[in-house]
Amino acid sequence: MARPKIALIGAGQIGGTLAHLAALKELGDVVLFDIAEGTPEGKALDIAESGPSEGFDANLKGTQDYADIAGADVCIVTAGVPRKPGMSRDDLLGINLKVMKSVGEGIRDNAPDAFVICITNPLDAMVWALREFSGMPHEKVVGMAGVLDSARFRHFLSLEFGVSMKDVSAFVLGGHGDTMVPLTRYSTVAGVPLPDLVKMGWTTQDKLDAIVQRTRDGGAEIVGLLKTGSAFYAPATSAIEMAEAYLKDQKRVLPCAAWCDGQFGLKGLYVGVPTVIGAGGIERIVEIQMTKDEQAMFDNSVNAVKGLVDACKGIDDSLS
Ligand code: APR
């Protein structure tokens with residue numbers, strides 16, 4: 001059987017890391033597409049040259065031609081600009097919206113059956129626009145945010161509790177922005193919910209609140225440290241987890257920016273919710289019960305996403 005084909009649209013910091021991880025994990029052959037001449041070719045060759053030492057079997061190709069992504073099984077989109085210190089993800093809207101138009105059309109015309117994972121920010125609005133421009137089925141176009149946000153939450157929790165992050169599971173809902181909703185009630189250490197761990201005296205509510213806030217600010221913390229761009233190792237790893245779930249029909253339960261039409265009372269919106277990812281793409285949205293407070297935080301986040309989608313419609317008439 002031929003190897004799966006993975007097309008990476010954008011060969012910058014995240015794109016290069018995605019290519020490296022996909023090759024190391026032998027998920028398939030990789031095509032790196034970018035408008036910057038030489039960048040995708042250089043990264044493809046550099047990673048290919050690590051193959052003999054690492055011992056992976058994967059072909060890598062860099063290109064400026066959308067025809068080279070033809071028939072891709074998975075497309076991961078990072079094309080666009082990242083933020084600089086002092087910028088919010090929302091500041092990227094105008095410029096990255098134009099990028100989503102060309103990328104959406106390029107995927108539609110060359111890889112219409114692919115599972116598409118968008119990483120470009122502001123995420124929830126960009127995945128919506130990418131789906132609109134591509135016209136592809138909603139269950140095959142998804143945004144990567146929740147896996148990353150919950151990975152950050154899990155990392156901070158494992159440090160606080162002094163336990164392996166393998167035993168920490170965490171739940172983050174809503175938009176990928178300042179309004180994201182880390183749900184402590186559904187987050188656990190070895191199955192014990194965080195509020196119970198506070199009652200047991202393993203941590204305090206204040207410390208937990210600080211971890212929740214650090215999770216919300218997780219992207220900005222990295223931007224502030226790097227100064228020249230945003231996070232790329234963890235975002236790439238998160239998207240690869242989603243791609244692998246699709247390619248191997250793993251039925252993973254992962255939080256993603258997925259199309260909700262009816263679920264959670266939403267009428268057609270991309271927002272971070274728990275999903276099941278398998279060979280059908282987003283096979284299911286898991287409609288958890290929320291308390292009044294959680295629902296209020298989720299509603300607030302949904303409104304922020306709606307505001308960004310409206311802003312997109314204001315910029316590009318073809319979207320309204
Ligand atoms: N088509 C293809 N590639 C493009 C286009 C386009 N229209 N416009 C820009 N690019 C490419 C750039 O040439 C660059 O190589 O996208 C790449 C982006 O890479 P980086 O600037 O290194 O950004 P990165 O850190 O990878 O982040 C990409 O993901 O997390 C988000 O906020 C982040 O929106 C940003 C995106």
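Trainee: Let's start with a helix. What covers the buried residues of α2?

Mentor: The cover includes α1 (13-24), β2 (29-33) and β3 (60-63). Helices (H or I, at least four residues) and strands (E, at least two) are DSSP runs, numbered from the N terminus. Before we go on: this is a predicted model, where local features need pLDDT of at least 70, side-chain atom pairs count only at pLDDT 80 or more, and totals for chains, interfaces and linings use all residues. Residue numbers run from 1 along each chain as its sequence is written.

Trainee: Which residues of helix α2 are buried?

Mentor: A residue is buried if 20 or more other C-beta atoms lie within 10 Å of its own, exposed if 12 or fewer, and partly exposed in between, with C-beta atoms placed from the backbone. In α2 (residues 39-48), the buried ones are P40, K43, A44 and I47. They sit on the same side of α2, because their arc around the axis is only 100 degrees. That arc is taken over the directions from the helix axis to the C-beta atoms. An α-helix has 3.6 residues a turn, so residues three or four places apart point the same way.

Trainee: Let me try α9. Which of its residues are buried, and which are exposed on the other side?

Mentor: G218, G219 and V223 are the buried residues of α9. These share one side of α9, since they cover an arc of only 135 degrees around the axis. On the other side of the helix, G224 and L225 are exposed. The cover over the buried residues of α9 includes α6 (146-161) and α8 (205-216). Just past the helix, look at K227: α9 is followed by this residue, and its phi is positive, near 70 degrees.

Trainee: And further along, where is F232 found?

Mentor: In the loop between α9 (218-226) and α10 (233-247). F232 counts as buried because it has 20 C-beta neighbours inside 10 Å. Contact here means that the C-beta atoms of two residues, placed from the backbone, lie within 7 Å. Setting aside neighbours within four places in sequence, F232 is in contact with Q13, I14 and T17. F232 and Q13 are 219 residues apart in sequence, yet 5.9 Å apart in space, C-alpha to C-alpha.

Trainee: So what about Q13 and I14 themselves: is each one buried or partly exposed?

Mentor: Q13 is in helix α1, and so is I14. Q13 counts as partly exposed because it has 19 C-beta neighbours inside 10 Å. I14 is buried, because 27 other C-beta atoms lie within 10 Å. Again leaving out neighbours within four places in sequence, Q13 is in contact with G229 and F232, while I14 is in contact with T78, I119, F232, P235 and A236.

Trainee: Now the ligand. Which residues come nearest to it?

Mentor: A residue is near a molecule if its C-beta atom, placed from the backbone, lies within 6 Å of it. Of the 29 residues around the ligand, G12, Q13, I14, A79 and N121 come nearest. Two elements, α1 and α4, give two or more residues to the shell; α4 gives the most, with four residues. By type, the shell has 14 nonpolar, 13 polar and two charged residues. Ala, Val, Leu, Ile, Met, Phe, Trp, Tyr, Cys and Pro count as nonpolar, Asp, Glu, Lys and Arg as charged, and the others, Gly among them, as polar.

Trainee: Where does UniProt place the feature "binding site"?

Mentor: The unreviewed entry puts it at residues including G12, Q13, I14, D34, N96 and N121. UniProt positions use the numbering here, feature names are shortened, and annotations may be inferred rather than shown by experiment.

Trainee: What domains does the assignment give?

Mentor: Domain 1 (3-142) and domain 2 (145-312), with bounds from an automatic or database domain assignment. Their C-alpha centres lie 22 Å apart. At the interface, 34 residues of domain 1 are in contact with 35 residues of domain 2. The side of domain 1 that touches domain 2 divides into 23 nonpolar, three polar and eight charged residues. The ligand shell draws at least three residues from each domain.

Trainee: One last stop: where does H176 lie?

Mentor: In the loop between β8 (172-173) and β9 (181-182). The unreviewed UniProt entry annotates H176 as "active site". H176 is buried, because 28 other C-beta atoms lie within 10 Å. Not counting residues up to four places away in sequence, H176 touches L123, D124, A145, D149, A257 and G272.
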